[in-house]
Amino acid sequence: MPSLDYELLSYGRASAMAGEKETARRYLERFLRRSPPEDERLEALYWLSEVIDDPQEKRALLEEILACNLGDVRARKKLAILDGKIQPEEIVDPDHLPAPKENRTNGARSFTCPQCGGRMTYAPDGQSLICEYCESQSRLRNQQPAEEENFLLALATAKAQRRPIQQNVIECKGCGATFTLPPKVITHTCPFCQTPYAIEQVEIRELDAPDSVLPFKITHEETRKIIIKWLKENPPDEKPLLKSFYGVYLPAWIFTIGGQVDWTGWVYKNKKTVPVQGRRIINIPNILIPAVNNFPSPLEPVFRSFPLDELIAFDTGYLASFHAETFQISAADASLKAREMAVQKIKQDVPLTELLSDIYNLTVKTPSIVVESYRLALLPLWMVTLDIGKEQLHMAINGSTGECFADKEYPLFHWLKKLLDF
């Protein structure tokens, strides 16, 4: 037979869901007077907040919930609505998202010189565009630091769930030609007059537009010297032939993970195994998740080499001389990987911060871990492919620092080859 506590909470919740506010309030307040366990008390407080009309009382209940559990998503969402940060009608069901529009025509920014009509390219100073012909300069509009966005609010709306649109159509202002940009590309050079373009994404920012960018600092010539230096230090058996060499901005999601975690485990103390437990508040910034598929896994360490504190607000001018890809992995999907990485870091940190050398069977409870903020950043890479005999060598060079990553280390191959030949 169900207990009285169970019936009070169940009837109170059912009445709240049915819109019977007075009935729900009586059941829930009576239940709370019986000093229930914390998880049941928080559940009752949430449903009580749903049937109370006074904003101040509602806020007090929601803040009480968050004081006990920073990661309560329902309470955070309701508090955001109460604060006017999102509107109830903006909240969507992630399983029934409206389909994105395809084949829409977008306004485009043409990088042409206002003085002579020549092509403007990205200047090495990282702050301006320069004309290839008359060398006049145009300062980039945005040099402000990049800002993060509240992930919970984006997740509640369609913003963090959407995928990129499938096709974009641009009419070239240089020659009048109309051409399409394939999926995953947000910059392009006109195939007829070579005028570079970038999609202006003001009206579709929630789909594609990056929040921040890390500009290229390493020039084409500097990158060529880095490649030569690497080949001298890692000489292959056969003469390398350059197959491709280009600069590209690749997208990545950057998250800040917060909340609180409870952990339990066992330690060996005084010749016997004893249980230990604890709770800790967490704040883990700059968890980077690449937003592209099929990036060569041996080159993925390059994503950990970027100085993320140098990110600035996005401006299409930074794309004048470089291709860029849109994200292929949504913020919602990337956030799951970010949580996994955060949990791994917590498990590594607990023994160190708790001054416990070895914790056995360490278990971390994750329901209260939340993604506090996020941003979509474009990161600069020089991608290089070399043909070496029948093999290909792929290299990724950090366009900001010049750090070089390759998918092969030839000295090791030479050593193995000599050993096998012997």
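**Salt bridges, cores and a helix in a predicted model**

User: What makes the pair Lys345 and Asp349 a salt bridge?

Analyst: In this predicted model, the side chains of Lys345 and Asp349 meet with an N to O distance of 3.2 Å; the cut-off for a salt bridge is 4 Å between a side-chain nitrogen of Lys or Arg and a carboxyl oxygen of Asp or Glu, so the pair qualifies. Both residues lie in helix H8, four residues apart, which is about one turn of the helix.

User: Why is Lys345 called partly exposed?

Analyst: Its relative accessibility is 37%, and since partly exposed covers the range between 20% and 50%, Lys345 is therefore placed in that class.

User: Which residues are joined into one network by salt bridges that share partners?

Analyst: Arg13, Glu43 and Arg74 form that network, and a search of the whole structure finds 16 salt bridges.

User: How do you know that Arg59 and Glu63 still count as a salt bridge, and where do they lie?

Analyst: Their side chains meet at 4.0 Å, N to O, and the criterion is within 4 Å, so the pair is accepted. Arg59 and Glu63 are four residues apart in helix H4 (residues 55-68), and are therefore separated by about one helical turn. Arg59 has a relative accessible area of 29% and Glu63 a relative accessibility of 41%, so each counts as partly exposed, with buried set at under 20% and exposed at over 50%.

User: What separates Glu29 and Arg25 along helix H2, and what is the N to O distance in their salt bridge?

Analyst: Glu29 and Arg25 are four residues apart in helix H2, about one turn of the helix, and their side chains meet at 2.9 Å, N to O. Glu29, with a relative accessible area of 29%, is partly exposed, as is Arg25, with 26%.

User: How do you know that the span of helix H1 agrees with what a helix should give?

Analyst: Helix H1 has 14 residues (residues 4-17), and at 1.5 Å a residue these should span 20 Å; the end C-alpha atoms are 20 Å apart, so the two values agree. Just after H1, Gly19 takes a positive phi of about 85°.

User: Which residues of H1 are buried, and what covers them?

Analyst: Leu8, Leu9, Ser10, Gly12, Ser15 and Ala16 are buried in H1, and their cover includes helix H2 (21-32) and helix H3 (38-51).

User: What makes up the largest nonpolar core?

Analyst: The largest nonpolar core has 28 residues, and those with the most contacts inside it are Trp253, Phe255, Ile257 and Ile346. Two or more residues come from each of E12, strand E13 (272-290), helix H8 (331-353), strand E16 (360-365) and strand E17 (369-388), with H8 giving the most, seven residues. Leaving aside its neighbours within four places in sequence, Ile346 is in contact with Val261, Ile282, Ile284, Val364 and Ile369. A second, separate core of 23 residues includes Leu231, Leu378, Ile388 and Leu393. In soluble globular proteins, nonpolar side chains tend to be buried together.

User: Why can Trp266 belong to a surface patch?

Analyst: Trp266, whose place is in strand E12 (residues 241-269), has a relative accessible area of 38% and is partly exposed; a patch residue needs over 30%, so Trp266 passes that cut-off. Together with Tyr268 and Tyr360, Trp266 makes a nonpolar surface patch of about 370 Å².

Conventions. Residues are numbered from 1 along each chain as its sequence is written. This is a predicted model: local features need pLDDT of at least 70, side-chain atom pairs count only at pLDDT 80 or more; totals for chains, interfaces and linings use all residues. Side-chain values use heavy atoms; hydrogens and water are left out. The expected span of a helix is 1.5 Å times one less than its number of residues. Buried means under 20% relative accessible area, exposed over 50%, partly exposed in between (1.4 Å probe, protein chains only). Contact means heavy atoms within 4.5 Å. Patches are made of residues with over 30% relative accessible area and no salt bridge: like charges are joined within 9 Å, nonpolar side chains (Val, Leu, Ile, Met, Phe, Trp, Tyr) within 5 Å. Accessible areas come from the Shrake-Rupley method with a 1.4 Å probe; for residues, only the protein chains shown count as cover. A nonpolar core is a set of buried Ala, Val, Leu, Ile, Met, Phe, Trp, Tyr and Cys residues joined through side-chain atoms within 4.5 Å.
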